[in-house]
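Reader: Could you walk me through one part of this model closely, the sheets and the helices packed around them? I'd like to follow it with the structure open beside me.

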Amino acid sequence: MPSNPYPTFHVLVVGADGAARAALCARLGRTGHRVRPVAGVGEAVAWLGSGIPTDVLLWLPGPGEWEPERACARLRAGDPWLPIVSLLEAPDEARAIEAFAAGMDDCLHLGLSDALLEARLARQAQRSALLADWRRQLQRQRGIQDNIADAVVTVDAQAMVVDANRAALRHFGEAGARSLAGQPLEAVIGAAPGQLATGERLWLRTADGNGFWAQASASRWCEGGAVRTTWVLRDLTEALRNERMRDEFLASVSHELRTPLTSILGAVGLLASGVAGRLPPTAQPLVAAAQRNGERLGKLIDDVLDLAKLEGDRMTLHCQSQALAPLAGEAVSAAQAYAARAGVQLRLRCPATTPVTGRGASVDADRLLQVLANLISNAIKHSAPGQTVLIELSDTGDGQRIAVTDQGRGVPAAFRSRLFEKFAQAEGGDQRGPGGTGLGLHLARLLVQRMGGRIGYAPGAGEVGSTFDVWFPAEPAPQPARARAVP
């Protein structure tokens, strides 16, 4: 047996002429390939449905059996990807053209040498293997995409749907629909691509007229030179439900803790003041520590309650136009005792151009004092004894700004993106005393945003020190009343 330069493949030989079929099978068998003879197209279709591997199908039409279009259609129904080669008794250009028009992959004749016949069949077998591998990858990708719980929708440059996974079809497809392709994305989900691109939470409309809150992320890619955008629409229903349950739980627990804690702090305060008699020297530090930690726990409870109210949109702010300088002065005065214990100086700078009365900003005074107290206490915590914390007011033309600057080590660069997140605390650092809750800056951001302002951070020169600032749009100064002429 001559050496075979090609890998072994499976050939299905279809022909009604038994002698011609047997001769061809013997010819192919000499090269070591696995050959399976069947008598007709119907038997071939049944064989293909069995799942037994077949790399190439050779159709050997007998006299009066030349119906390439009908034969090809039936064989393609059995396996749409299988290479089909017709084998004629002699070269026939007209029939070859007809075979290609019918959808066959090649048309050969029995006069070819064994080497050339095998080379042509090997080429088709190689093509079959490539197609099989491509189909497996396609099925794998489709299986992965269809098993993603979130809706995945791919659109073209005109925002027309090109493809959608099973979750997208379930959410946005009409009953019985098998595809969303060809429809405008905005008509399908009730939101334009520009809205999705913001990354904010948004309401998407479902096919049944309802909808759900979602958050979108996108990736752009090219297909044959055409730009495609794949949107992943994450359903936030479960996450929002869990978040609401968590907030309700925290609010309930915090409320239940506040009452006994108030009683405990009252009792400890009375002990510290000597109402129950003078405390021995060894007991005084213990009572002071209990009072200090009780107050810290009380602040934590207050922060958690405020957070639950803000994130649940249940906090009412009483904003009115007022000058910010008196509020900044009040915040500095309230922090003086804490600064003195830490050995830190507080300095308030209010330039003459900053109005004390007249034009101001619309804020809730109590909540702004809460924000400033947090920023100033943070600055004190991160300052060394003898350093100064500067609280500076300025008029930016379009608003009022209050900046709190310390001379500490500053915020690590890797942590700055998380500064205003919940429970975020930088590791290490130079903070003295007990650590905070990690809620202060997050609450400050929410409060400032609710009042229509902005809060920001900037490192000091040479990465030494930090500046936190809040900005509020200015309210126009009231116009003086004009005296009316008395007739």
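Author: Happy to; what follows goes through one sheet and its helices, then a second sheet, and ends with the confidence of the model.

Please keep in mind as you look that this is a predicted model. Let's begin with the sheet that contains β1. Five strands make up this open sheet, in the order β2-β1-β3-β4-β5, and the pairing is parallel. The edges are held by β2 (34–38) and β5 (106–109); each has a single partner strand, so one side of each is left without a neighbour in the sheet. On average, neighbouring strands here are turned by 25° against each other, direction ignored.

To see the pairing itself, zoom in on β1, residues 10–14. This strand runs parallel to β2 and is joined to it by five bridges. A handy landmark is Leu12, which stands opposite Arg36 in β2. As background, strands of a sheet pair through backbone hydrogen bonds, either parallel or antiparallel.

Now add the helices. Helix α1 (residues 18–29) lies across β1, β2, β3 (56–59) and β4 (84–88), and runs at about 175° to β2. Helix α2, residues 41–48, lies across β1, β2 and β3, with a direction at about 155° to β1.

Both of these helices also meet another helix. In general, two packed helices are described by the angle between their axes and the distance between the axes. Take α2 first. Its axis and that of helix α3 (residues 68–78) come within 8 Å and cross at roughly 15°. With that angle under 35 degrees, α2 is therefore roughly parallel to α3. The crossing of α2 past α3 is right-handed. On the α2 side you will find Val41, Gly42, Ala44, Val45 and Leu48, and they meet Ala71, Arg74, Leu75 and Gly78 in α3. Sorted by class, this contact of α2 with α3 has six nonpolar residues, two polar and one charged.

Turn next to α1, whose partner is helix α5 (residues 114–146). These two pack at an angle of about 85°, with their axes 11 Å apart. That angle makes α1 and α5 roughly perpendicular to each other. Leu24, Arg27 and Leu28 of α1 make the contact with Asp114, Leu117 and Leu121 of α5. By class, the contact of α1 with α5 has four nonpolar, no polar and two charged residues.

Further along the chain, there is another helix pair to look at. The axes of helix α9 (residues 237–273) and helix α10 (residues 284–311) come within 8 Å, crossing at roughly 155°. The two helices, α9 and α10, are therefore roughly antiparallel to each other. In this case α9 passes α10 in a left-handed crossing. The residues of the contact of α9 with α10 divide into 15 nonpolar, six polar and seven charged.

That brings us to the second sheet. It is an open sheet of five strands in the order β12-β14-β15-β17-β16, and its pairing is mixed. At the edges stand β12 (345–349) and β16 (454–459), each with a single partner strand, so one side of each is left without a neighbour in the sheet. Neighbouring strands of this sheet are turned by 15° against each other on average, direction ignored.

Within this sheet, β14 (residues 388–395) and β15 (residues 399–406) run antiparallel and are joined by six bridges. If you click on Glu392, its bridge partner in β15 is Ala403. Helix α11, residues 325–342, packs on the sheet and touches β12 and β14, its direction making about 170° with that of β12. Helix α12 (residues 365–381) lies across β12, β14, β15, β16 and β17 (466–473), and runs at about 25° to β15.

Over at the β16 edge, β16 and β17 pair in the antiparallel sense over six bridges. One of the paired positions is Pro459, whose bridge partner in β17 is Ser466. The two strands form a hairpin with six residues between them, and Gly462 in the turn has a positive phi of about 70°.

Finally, a word on confidence. The protein chain averages a pLDDT of 84, and 91% of the residues score at least 70. Residues 354–358 stay under 50 in pLDDT, and the model has twelve contacts for them beyond four places in sequence. Over residues 429–433 the pLDDT is also below 50, and this stretch has 15 contacts in the model beyond near neighbours in sequence. Where pLDDT is low, the predicted coordinates should not be read in detail.

Notes:
Residues numbered from 1 in each chain as written. Predicted model: local features only at pLDDT ≥ 70, side-chain atom pairs only at ≥ 80, totals over all residues. Heavy atoms only, no water. Pairing = 2+ DSSP bridges. Helix = DSSP H or I, 4+ residues; strand = E, 2+ residues; numbered from the N terminus. Axes fitted to C-alpha atoms, helices over the stretch in contact; angles between N-to-C directions. Contact = heavy atoms within 4.5 Å. Parallel < 35°, antiparallel > 145°, perpendicular 65-115°, else oblique. Left-handed = near helix turned anticlockwise from the far one by under 90°. Nonpolar A, V, L, I, M, F, W, Y, C, P; charged D, E, K, R; others polar. pLDDT = per-residue confidence, 0-100.
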